[in-house]
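Subject: Structure for your review

Dear colleague,

I am handing over the structure below, and I would be glad if you would look through it before reading my notes. The notes after it are meant to be read with the model open beside them.

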Amino acid sequence: MKVTVALRGTLKKLFGGPTEKIVEIPEGSTCEDALLAAGIDYKNTHNFGFVSVNGMRVMIYDEVKEGDYIKAFSRVTGG
(Lines give C-alpha, C1' and ligand atoms only; values in the text may rest on other atoms or scores of the structure.)
Protein backbone atom coordinates (compact mmCIF):
# COMPACT_ATOMS: atom_id res chain seq x y z
CA MET A 1 0.00 0.00 0.00
CA LYS A 2 1.11 3.58 -0.55
CA VAL A 3 1.10 6.34 2.05
CA THR A 4 2.51 9.85 2.09
CA VAL A 5 5.04 10.88 4.72
CA ALA A 6 5.45 14.62 5.29
CA LEU A 7 7.91 16.36 7.60
CA ARG A 8 7.12 19.55 9.50
CA GLY A 9 9.12 21.99 11.59
CA THR A 10 12.84 21.43 11.83
CA LEU A 11 12.46 17.85 10.54
CA LYS A 12 11.98 19.20 6.99
CA LYS A 13 15.73 19.34 6.44
CA LEU A 14 16.00 15.54 6.85
CA PHE A 15 14.61 14.98 3.34
CA GLY A 16 17.04 17.51 1.85
CA GLY A 17 14.50 18.76 -0.68
CA PRO A 18 10.79 18.06 -0.96
CA THR A 19 9.08 17.80 2.41
CA GLU A 20 6.90 14.86 1.35
CA LYS A 21 7.57 11.33 0.11
CA ILE A 22 5.20 8.64 -1.08
CA VAL A 23 6.35 5.28 0.26
CA GLU A 24 5.13 1.75 -0.29
CA ILE A 25 4.71 -0.40 2.80
CA PRO A 26 2.96 -3.73 3.50
CA GLU A 27 -0.62 -3.97 4.77
CA GLY A 28 -0.72 -3.82 8.59
CA SER A 29 2.21 -1.39 8.77
CA THR A 30 2.48 1.30 11.42
CA CYS A 31 3.49 4.95 11.41
CA GLU A 32 6.92 3.79 12.52
CA ASP A 33 7.19 1.50 9.47
CA ALA A 34 6.21 4.37 7.16
CA LEU A 35 8.80 6.71 8.67
CA LEU A 36 11.51 4.08 8.37
CA ALA A 37 10.51 3.41 4.73
CA ALA A 38 10.88 7.15 4.09
CA GLY A 39 14.38 7.07 5.57
CA ILE A 40 13.52 8.67 8.91
CA ASP A 41 15.04 6.94 11.93
CA TYR A 42 12.91 8.79 14.45
CA LYS A 43 14.52 7.05 17.45
CA ASN A 44 17.86 8.63 16.55
CA THR A 45 16.45 12.01 15.50
CA HIS A 46 17.02 14.35 18.43
CA ASN A 47 14.20 16.76 17.65
CA PHE A 48 11.49 14.25 16.69
CA GLY A 49 8.20 15.04 18.43
CA PHE A 50 5.06 13.20 17.28
CA VAL A 51 3.06 12.01 14.27
CA SER A 52 -0.42 12.60 12.92
CA VAL A 53 -2.43 10.63 10.38
CA ASN A 54 -4.92 12.53 8.25
CA GLY A 55 -4.75 15.46 10.67
CA MET A 56 -5.30 13.47 13.86
CA ARG A 57 -2.49 12.96 16.38
CA VAL A 58 -1.72 9.26 16.83
CA MET A 59 0.80 6.97 18.48
CA ILE A 60 3.87 5.91 16.50
CA TYR A 61 2.75 2.26 16.69
CA ASP A 62 -0.75 2.87 15.27
CA GLU A 63 -1.52 1.14 11.97
CA VAL A 64 -1.98 3.10 8.78
CA LYS A 65 -4.14 2.44 5.72
CA GLU A 66 -3.77 2.88 1.99
CA GLY A 67 -3.66 6.57 1.06
CA ASP A 68 -3.05 7.88 4.59
CA TYR A 69 -1.22 11.18 5.00
CA ILE A 70 1.32 10.94 7.81
CA LYS A 71 2.96 14.07 9.22
CA ALA A 72 5.99 13.93 11.48
CA PHE A 73 6.47 16.99 13.66
CA SER A 74 9.55 18.24 15.46
CA ARG A 75 9.58 18.99 19.16
CA VAL A 76 8.52 22.43 20.17
CA THR A 77 11.20 24.26 22.11
CA GLY A 78 11.71 27.76 23.25
CA GLY A 79 11.65 29.97 26.23
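What follows is an account of the sheet, the core, two serines and a charged pair.

Please keep in mind throughout that this is a predicted model, and that the numbers below were computed from it.

I begin with the sheet, which is open and consists of five strands in the order S2-S1-S5-S3-S4, with mixed pairing. Its edges are strand S2 (20-24) and strand S4 (56-58), each of which pairs on one side only, and from one strand to the next the twist averages 30 degrees. As general background, the strands of a sheet pair through backbone hydrogen bonds, in either a parallel or an antiparallel manner.

Going through the pairings in turn, S1 and S2 run antiparallel and are joined by five bridges, with Val-3 standing opposite Val-23 in S2. S1 also pairs with S5, this time in parallel and through four bridges, and here Val-5 has Ile-70 in S5 as its bridge partner. S1 is mostly covered, since five of its six residues are buried. At the other end of the order, S3 and S4 run antiparallel with three bridges between them, and Val-51 has Val-58 in S4 as its bridge partner.

Turning to the core, which residues touch the most other members of the largest nonpolar core? They are Leu-35, Phe-48, Val-51 and Val-64, in a core that counts 22 residues. Two or more residues of this core come from each of strand S1 (2-7), H1, S3 and strand S5 (69-74). Val-51, already mentioned for its bridge to Val-58, is thus also one of the residues with the most core partners. For Phe-48, once neighbours within four places in sequence are left aside, the contacts are Leu-11, Leu-35, Tyr-42, Ile-60, Ala-72, Phe-73 and Arg-75; among them is Leu-35, which is likewise listed with the residues that touch the most other core members.

Two serines deserve a separate look. Ser-29 is found in the loop between S2 and H1, and it counts as buried because its relative accessibility is 4%, which falls under the 20% cut-off. Not counting residues up to four places away in sequence, Ser-29 touches Met-1, Asp-62, Glu-63 and Val-64. Ser-74, by contrast, lies in strand S5, and Ser-74 is buried as well, with a relative accessible area of 11%. A polar atom of the Ser-74 side chain lies 3.2 Å from the backbone nitrogen of Thr-10, and Thr-10 is also in the list of Ser-74 contacts beyond four places in sequence, together with Arg-8, Gly-9, Leu-11, Asn-47 and Gly-49.

Finally, how many salt bridges does a search of the whole structure find? The search finds one, in which the side chains of Lys-43 and Glu-32 meet at 3.7 Å, N to O. The pair links distant parts of the chain, 11 residues apart, with Lys-43 in the loop between helix H1 (31-37) and strand S3 (48-53) and Glu-32 in helix H1. Are the two partners buried or exposed? Lys-43 counts as exposed because its relative accessibility is 58%, whereas Glu-32 counts as buried because its value is 15%.

With kind regards

How values were computed:
Residues are numbered from 1 along each chain as its sequence is written. This is a predicted model: local features need pLDDT of at least 70, side-chain atom pairs count only at pLDDT 80 or more; totals for chains, interfaces and linings use all residues. Side-chain values use heavy atoms; hydrogens and water are left out. A salt bridge is a side-chain nitrogen of Lys or Arg within 4 Å of a carboxyl oxygen of Asp or Glu. Buried means under 20% relative accessible area, exposed over 50%, partly exposed in between (1.4 Å probe, protein chains only). Two strands pair if DSSP finds at least two bridges between them. Axes are lines fitted to C-alpha atoms, for helices over the stretch in contact, and angles run from 0 to 180 degrees between N-to-C directions. A nonpolar core is a set of buried Ala, Val, Leu, Ile, Met, Phe, Trp, Tyr and Cys residues joined through side-chain atoms within 4.5 Å. Contact means heavy atoms within 4.5 Å. A polar contact is a pair of N or O atoms within 3.5 Å; within protein, one must be able to donate a hydrogen and the other to accept it, and residues adjacent in sequence count only if both atoms are side-chain atoms.
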